[in-house]
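Dear colleague,

I am handing over the structure we spoke about, and it is shown just below. My notes on what was found in it follow, arranged so that you can read them beside the model.

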Amino acid sequence: MTHKKRIVIVGAGIAGVSIAWHLAHREFDVTLVEQDMPASGATGSAFGWLTGVVKDDAADVLIRRAALADWRRLEEHIPELNIKWSGSLTYGPASGSCLQDERLLHKAEIARLEPALNNPPSEARYAAKDGAIDAASATRLLLDKACEKGVVLNTQTTVTGLYMSEGKVTGVLTSRGKLAADCVVLACGTGIPALTERVGIHVPVLSSPAILLRFAASRNVVNTILSGDDIEVRQAHNGDLLAAEDYPASGNVRETAEAAQRAVRGRLTGAESAALIQYLTGERPVIQDGYPVLGFADENRTVYVASMHPAVTCAATIGRLVCEELCDGQSNAIPQSYRPSRFIDK
């Protein structure tokens, strides 16, 4: 009987779980380790906008342009993902000219598409292929499917370090003991640097906090994903309005939430009584130089790092690419600019 390659994935956010789901369909022995509960980190407070719209010279263009096709492929396997392919509408002074997969709409067209939008802008960029997903629900669903295929999940288990033997990583040290691995995949976002530093590898993953707000709405008022200079909202499957906001420099999240509520109530007919149900702050992982980081971080090819922003948009593609590389040993689809080796000797 041949020995199945043992993979330990650290982090059960949407990226780690997508990697686990993809690996579960191949000949691997996969264990997923999560310090809290699945989707409890940045994934749990993600807005869930799936978009392939990106500038040609963007750092993440390769993954972003593949993202929607990979989500549609996943949806064929798992229809319960329930992706809402509604398109998105972007307006405001900073909206600029149209990018690939966008077209310009004028005021009358905008009003037909979003009749509840008060005082519609004179023009907006429409990306018809965009969609939205409940990131936390999708993560749990992918995880259930992965576990059905044999993935082992350890929750509320903290990875305290990487285990070294004869000069190479052979597993992880956890709050519940050692887990042996032929390869450790670090998909734990802002937790990556602390683990890689212990084996002399510097991967600068920074934290970019953002706020997700949930409002109770009396009826559906938004058809697409609306992203303007005043509001960024979409309608959830259960009828709630979801809004995304940048974290305030002042740190006063409550004040930001109240301002967002006023903006939603004033901008959308039918949302005048929208009541704030919940707001969450998530620590989104962002790589210091803006490029994704995908690849082996050590010469022995026993530590693999997978992180980027936006992780929800790109999770299906990340899972596919990492799985292909772990199966084949090397992926030519991943450019050198994404590799962790760029941080060595810096």
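A convenient place to begin is the pair formed by β18 and strand β19 (residues 303–307), which run antiparallel and are joined by four bridges. Within this pair, Gly295 stands opposite Val305 in β19. Please keep in mind throughout that this is a predicted model.

These two strands belong to an open sheet of six strands, whose order is β8-β2-β1-β12-β19-β18 and whose pairing is mixed. The edges of this sheet are taken by β8 (152–154) and β18 (293–296), and each of them has a single partner strand, so one side of each is left without a neighbour in the sheet. From one strand to the next, the twist averages 20°.

If you follow the chain on from β19, you come to the loop between β19 and α7, where Pro310 lies. The peptide bond from His309 to Pro310 is cis, with omega near 5°.

Helix α7 (residues 311–328) packs with helix α2 (residues 61–77) at an angle of about 80°, and their axes are 7 Å apart. Since angles of 65 to 115 degrees count as roughly perpendicular, α2 and α7 are therefore roughly perpendicular to each other. On the α2 side, the residues that meet α7 are Ile63, Arg64, Ala66, Ala67, Asp70, Trp71, Arg73 and Leu74, while α7 brings Val312, Thr313, Cys314, Ala315, Ala316, Thr317, Arg320 and Leu321 to the contact. Sorted by class, the contact of α2 with α7 has 10 nonpolar, two polar and four charged residues.

Asn82 lies in the loop between α2 and β4 (88–90). Its backbone deserves a look, as phi of Asn82 is near 55°, which is a positive value in a residue other than glycine.

Strand β4 takes us to another open sheet, in which eight strands follow the order β5-β6-β4-β14-β15-β16-β13-β17 with mixed pairing. Here β5 (103–106) and β17 (275–287) stand at the edges, each with a single partner strand, so one side of each is left without a neighbour in the sheet. Neighbouring strands of this sheet are turned by 25° against each other on average, with direction ignored.

Inside this sheet, strand β15 (residues 232–235) pairs with strand β16 (residues 241–246) in the antiparallel sense over three bridges, and Val233 stands opposite Ala243 in β16. Helix α6 (residues 253–267) packs on the sheet, where it touches β13 (205–216), β15, β16 and β17, and the direction of α6 makes about 115° with that of β17.

Two of these strands, β13 and β17, return in the last feature I looked at, which is the second largest pocket. This pocket has a volume of about 170 Å³. Of the 14 residues that line it, the closest to its centre are Gly44, Asp134, Ala136, Leu212 and Arg214. The elements that give two or more residues to the lining are α4 (135–148), β13 and β17, and β13 gives the most, with three residues. As for their character, the lining residues divide into eight nonpolar, three polar and three charged.

With kind regards

Key:
Residues numbered from 1 in each chain as written. Predicted model: local features only at pLDDT ≥ 70, side-chain atom pairs only at ≥ 80, totals over all residues. Heavy atoms only, no water. Pairing = 2+ DSSP bridges. Axes fitted to C-alpha atoms, helices over the stretch in contact; angles between N-to-C directions. Contact = heavy atoms within 4.5 Å. 1 Å grid on protein atoms, 1.4 Å probe; cavity = no way out; pocket = protein on both sides within 12 Å on 5 of 7 lines; lining within 4 Å. Points joined across faces, edges and corners; volume = space filled by probe spheres on them. Nonpolar A, V, L, I, M, F, W, Y, C, P; charged D, E, K, R; others polar. Parallel < 35°, antiparallel > 145°, perpendicular 65-115°, else oblique.
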